[in-house]
Amino acid sequence: MVGGKVNSGRMTALLVGAVVLRLAIFYLLPGLSDLLAGRVEISTPVTSFKRLQEGLFLYQHNVSPYDGGVYHQAPLLLPLFSLFPNFKSFPLGTYQLYIVADLLSARALQLIADSGEAGSSALFTSPRREKRWTGLIVAAVFLFNPFTIATCIGRSTSVFTTCAILHAIAKAVSGAPFSAMVALSFAAYLSMYPLLLLPPLLLLCYDRQHPSCAIKSAGKFAITNILVVAGVLAALFQMSYFMTGSWEFLSSTYGIQLTLTDLTPNVGLWWYFFIEMFDSFRSFFLAVFWLHLSCYVGGLSIRIRRQPLAVLTLLLGIFAIFKPYPSISDTSLFLALVPLYRHVFPLMRYTFVEASVILYATFLGPSFYYLWIYAGSGNANFFYAITLVWNLGLSLLVCDLTFAVLRDEWEVERPEMVGKEIRQI
Amino acid sequence: MRQLFSLLLLSLLSFVCSASSDYHEQLVLRPLPLSALLASFDFRSNITLSAFETHNFRFFPRSLGQILQYANTRELHLRFSLGRWDAESWGARPWDGAREGGTGVELWAWLEAETDDEADHKWLTLTNALSGLFCASLNFIDGTRTTRPVMSFQPEGDHPNSTENMHLLYGVLPHEVVCTENLTPFLKLLPCKGKVGIATLLDGHKLFDASWQSMAIDVRPICPDDGECVLQIELTIDMVLDIERSKRPRDNPIPRPLPSHELMCDTSKPYHADDTCFPADYSANQDWTLSQVFGRNMKGICPLTDPAVPPVCLQVPHSRRVFVSSGVVEKKNADGTSRCFEISPKADFEMIFPRPEKTDGEEGNAAQAEIALADVVKPETPLLYAERSFTGHGQERGGVQTILRNPSPDTEVEFIYMESLPWFMRIYTHTIEAHVGGESKSNGSLIEEIYYRPALDRARGTQLEMRMRIPPAATVFLTYDFEKSILRYTEYPPDANRGFDVAAAVITILNRGEERKAAYTLRTTSLLCSLPTPDFSMPYNVIIFTSTAIALAFGGMFNILVRRFVAADEGPEAGLGKKLSAKLSKVLERFRKKKTAVEEQK
């Protein structure tokens with residue numbers, strides 16, 4: 001009991017520290033928050049706060065925000081933000097909302113870490129599970145990650161998607177499939193791609209059901225939960241329809257992610273590829289890119305069936321690289337889940353390379369962007385090249401983590417191989 | 001006396017209007033300050049609607065008439081413009097700004113159609129046909145450059161019965177360079193085809209060398225209270241010529257410094273001496289001849305023109321002396337600042353506008369300045385000054401700032417400000433702000449009404465109309481932010497780094513009180529917006545690099561997921577490299593054996 005108290009005290013201190021840090025940045029460096037809000041690495045066309053403000057302005061003046069090329073975010077964000085006082089005159093309300101979203105994400109992350117799911121799932125128990133970080137540390141790594149802070153200060157709406165995804169996982173881990181599905185539906189409603197997390201999340205929920213009210217049949221369980229997701233999504237869409245008065249929002253919010261009509265630069269691989277793509281091949285490559293993005297879901301879910309949380313982590317890493325409008329907020333979500341796998345870190349092979357490549361790209365990216373857009377002494381290839389490096393670094397990290405997780409599984413069968421050189425055939 | 005005169009004029013006008021098919025042309029010359037000369041050519045003809053419908057075109061250009069009929073156009077306004085009207089020194093615009101457009105080509109028309117789609121279809125027909133007729137890229141006015149203004153434009157003609165089905169469409173091409181190939185078809189629309197009359201003065205070299213020029217075509221139905229409705233076509237050309245520049249000889253066009261005895265110096269300056277010279281205000285000292293300014297003489301008058309309308313008028317005070325060629329009758333008008341010339345049909349017309357002779361000794365500078373003022377008609381102050389510019393730097397985002405100044409000390413001015421912006425400028429309406437100069441806080445009451453139609457990527461441009469009110473003697477700063485989007489590489493023009501032209505903002509000042517007719521129209525200059533550009537030389541490289549990055553990630557992942565783990569010393573002798581080297585060594589061994597065998601045989 002005493003330990004728990006100390007822990008909760010520490011957690012409170014951590015949360016207060018995170019809040020103070022964020023408020024300090026908001027108030028002591030007001031220029032920084034506007035600067036970050038305008039950065040292409042943080043604000044993509046589908047998450048930008050400035051576009052949200054524009055949508056809100058149009059919504060409040062009875063112009064459909066979806067009858068234009070600026071606002072591509074979910075309709076229900078509009079009434080949510082209308083509740084808050086005008087950002088220009090009273091920004092604290094909006095700041096609070098973003099800080100609270102971050103804190104809720106940290107709380108969910110702490111629950112996931114403390115459940116020990118990463119080390120021992122229902123079907124698999126890692127021999128190294130003892131070597132793990134507590135929820136407090138994992139939450140601290142998330143809250144004080146510069147990427148997370150930058151996303152929060154830049155007021156990107158992907159903060160809410162992150163929060164919903166982490167809650168979906170936390171609920172799944174604590175054996176509440178229904179809440180998990182509702183949270184996932186919210187995440188999918190906000191930015192569509194989390195729908196691809198449904199299969200591994202279903203597996204996680206299935207594995208962690210409460211024995212008292214468990215549905216034994218896997219098929220029945222899956223259908224029930226898919227129906228829940230479909231129902232919640234339908235309800236959300238219906239609400240959006242009533243709010244905006246037309247189905248226009250579907251093509252504007254989700255259609256743009258499928259067709260990539262807005263080619264604003266970001267840290268991903270899509271924008272420059274589709275700027276330079278020949279018109280006749282555009283739709284073909286859009287299909288290929290989406291197919292590529294979704295093909296990992298099946299492969300990983302089957303191969304790492306025994307650790308659904310690992311699948312979720314790896315998928316989030318892959319989405320941070322290959323989704324149409326990625327930003328560093330997606331990377332921060334992936335990096336928030338990676339510390340759960342503290343026990344397999346010793347099995348990773350290229351941690352130094354990965355860390356240096358990510359740092360290299362983080363520092364060089366903004367300067368190359370500056371050279372291209374402002375100084376004019378570089379061209380688009382500068383920024384493109386650095387996004388390639390960034391994505392290669394991240395994909396190396398994802399592959400390496402996959403390797404470590406699989407080797408950890410394999411060493412259960414071959415305990416004598418610990419620490420020995422291996423190869424793959 | 002004045003009333004009588006205007007009454008006379010009115011009756012004359014009504015007579016002109018009621019005549020079944022008439023035509024007149026007139027050139028008005030007005031010296032402007034700073035060695036500029038405004039020349040306004042006006043060609044106007046009427047045709048009854050019944051004659052028009054039975055294809056009895058008479059003076060109405062047949063080619064244009066058929067296009068109008070085919071596209072069900074009720075009213076048409078087409079503008080070709082170049083240069084900038086310098087309102088600070090030239091004052092109010094000719095025709096109250098009603099006959100000018102922004103830089104490039106502007107077209108607006110009222111089409112009769114049942115539905116919006118039908119109107120769009122007819123608009124497409126109209127723009128394509130006009131494009132062929134005027135040798136201009138009007139066919140590039142597509143959906144992204146077409147808007148349907150709500151407040152800015154009102155029909156100029158009378159549309160007694162069919163206003164419900166009329167659709168106003170407005171298209172603008174700011175990038176179009178207006179040149180001689182547009183003038184030739186324009187002259188062909190005239191009944192005298194530019195062979196005689198004032199149109200002989202229209203020379204492409206001079207017209208497109210002007211500081212500012214605007215060619216306008218207006219077609220509108222006019223229904224007098226008594227009598228039949230007529231369709232009126234009015235072709236106007238306004239240009240501001242730089243006299244100094246025009247007088248430069250053709251064979252020696254390079255500007256060289258004048259010899260010192262030809263310099264016009266302001267002798268009132270204290271530092272004026274033999275070796276120093278402050279250039280004098282030229283306006284009072286204009287001296288030119290018609291053939292110098294236009295490059296040729298005027299040949300007779302068009303025999304079809306209405307003899308009641310004098311072909312050439314000059315707006316200078318009566319005190320100024322003007323010499324004309326023989327056979328020309330000078331008639332001074334009652335207003336004291338204008339005179340007209342009656343020209344015999346066959347004679348050439350030449351006019352010499354000499355420097356005013358210095359009376360009462362030349363040393364009195366104050367007196368000289370007074371004479372200078374009296375020798376040109378003082379420019380009228382416009383109702384509003386407007387200038388628009390970009391703010392910010394970089395190719396990511398920027399802002400637009402329009403400075404609007406109301407010069408009147410006691411009346412406020414109400415107007416409609418209209419922008420039609422290309423879709424790749426994503427404007428943020430929540431950043432629109434208007435504040436009076438000097439006050440830091442934005443003043444909400446300046447903007448009374450906003451009509452905003454947001455842009456849709458690759459489909460439609462932004463349309464922004466604002467009704468504003470500016471208090472007397474105030475300067476208002478109107479600002480908003482926008483973001484520049486990056487395009488697909490095929491959507492850039494060949495000169496992508498030059499930038500993209502942004503059409504002029506149209507400011508329509510409303511009449512006070514009565515029905516909402518425009519009292520004065522002005523346009524800002526067009527802007528050049530530079531967008532971020534990709535590297536055009538490397539589509540293949542980008543496709544290859546990105547595909548490689550994806551293949552690396554996918555390949556690495558696939559490898560790890562699909563292959564089995566074994567200890568380094570277990571499993572088959574794996575590896576493509578090892579297999580290959582094994583095979584290679586086998587082959588080499590065999591070869592060596594053969595070699596040794598051969599050597600043994602030897």
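These are my notebook entries on a predicted model, with most of the looking done in chain B.

**Entry: the domains of chain B**

I began with the overall layout. The domain assignment splits chain B into domain 1 at 41–246, domain 2 at 385–529 and domain 3 at 564–602. I then looked up how far apart the C-alpha centres of domain 1 and domain 3 of chain B lie, and found 86 Å.

**Entry: the eleven-stranded sheet**

Next I followed an open sheet of eleven strands in chain B, with mixed pairing. Reading across, I noted the order β5-β6-β4-β3-β7-β8-β2-β1-β11-β14-β13. Which strands stand at the edges? I found β5 (146–147) and β13 (328–332) of chain B there, each paired on one side only.

Inside this sheet I stopped at β4(B), residues 104–112. Is this strand mostly covered or mostly open? Mostly covered, I can write: eight of its nine residues are buried. I then looked at its two neighbours. On one side β3(B), residues 73–83, runs antiparallel to β4(B) and is joined to it by eight bridges; here I saw Ser81(B) opposite Gly104(B). On the other, β6(B), residues 166–173, is also antiparallel to β4(B), again with eight bridges. There I picked out Trp110(B), whose bridge partner in β6(B) is Leu168(B).

Further along the order I checked β1(B), residues 23–32, and β2(B), residues 36–48. They pair in the antiparallel sense over ten bridges, and I marked His24(B) opposite Arg44(B) in β2(B).

I also found a helix lying against the sheet: α5(B), residues 116–134, touches β3, β4, β5 and β6 of chain B. The direction of α5(B) makes about 135 degrees with that of β4(B).

**Entry: the four-stranded sheet**

Then I moved on to an open sheet of four strands in chain B, ordered β17-β18-β23-β20, with antiparallel pairing. Why is one side of β17(B) and of β20(B) left without a neighbour in the sheet? Both stand at the edges with a single partner strand each, so one side of each has no neighbour there. I noted that neighbouring strands of this sheet are turned by 15 degrees against each other on average, direction ignored.

The partner of β20(B) is β23(B), residues 475–484, and the two pair antiparallel over eight bridges. As a landmark I chose Tyr428(B), which stands opposite Asp481(B) in β23(B).

**Entry: a record to compare**

I looked up UniProt for the later part of chain B. The unreviewed entry places a "transmembrane region" at residues 538–562. In the model, I see that this stretch of chain B is 96% helix and 0% strand, with its end C-alpha atoms 35 Å apart.

**Entry: where chain B meets chain A**

Last, I turned to the contact between the chains: 46 residues of chain B are in contact with 50 residues of chain A. Which elements of chain B supply at least two residues each? I listed β20 (425–436), α11 (539–562) and β28 (565–567). Of these, α11(B) gives the most, with 15 residues. By class I noted 27 nonpolar, twelve polar and seven charged residues on this side of chain B.

One more thing pleased me here: a pairing that crosses between chains. Strand β1 of chain A, residues 422–424, pairs with β28(B) in the antiparallel sense over three bridges. To find the spot again, I will look for Arg423(A), which stands opposite Val566(B).

Note on methods
Residues are numbered from 1 along each chain as its sequence is written. Chains are lettered from A and ligands numbered from 1 in the order in which they are written. This is a predicted model: local features need pLDDT of at least 70, side-chain atom pairs count only at pLDDT 80 or more; totals for chains, interfaces and linings use all residues. Two residues are in contact if their C-beta atoms, placed from the backbone, lie within 7 Å. Ala, Val, Leu, Ile, Met, Phe, Trp, Tyr, Cys and Pro count as nonpolar, Asp, Glu, Lys and Arg as charged, and the others, Gly among them, as polar. Two strands pair if DSSP finds at least two bridges between them. Axes are lines fitted to C-alpha atoms, for helices over the stretch in contact, and angles run from 0 to 180 degrees between N-to-C directions. Domain bounds come from an automatic or database domain assignment. A residue is buried if 20 or more other C-beta atoms lie within 10 Å of its own, exposed if 12 or fewer, and partly exposed in between; C-beta atoms are placed from the backbone. UniProt positions are given in the numbering used here, feature names are shortened, and annotations may be inferred rather than shown by experiment.
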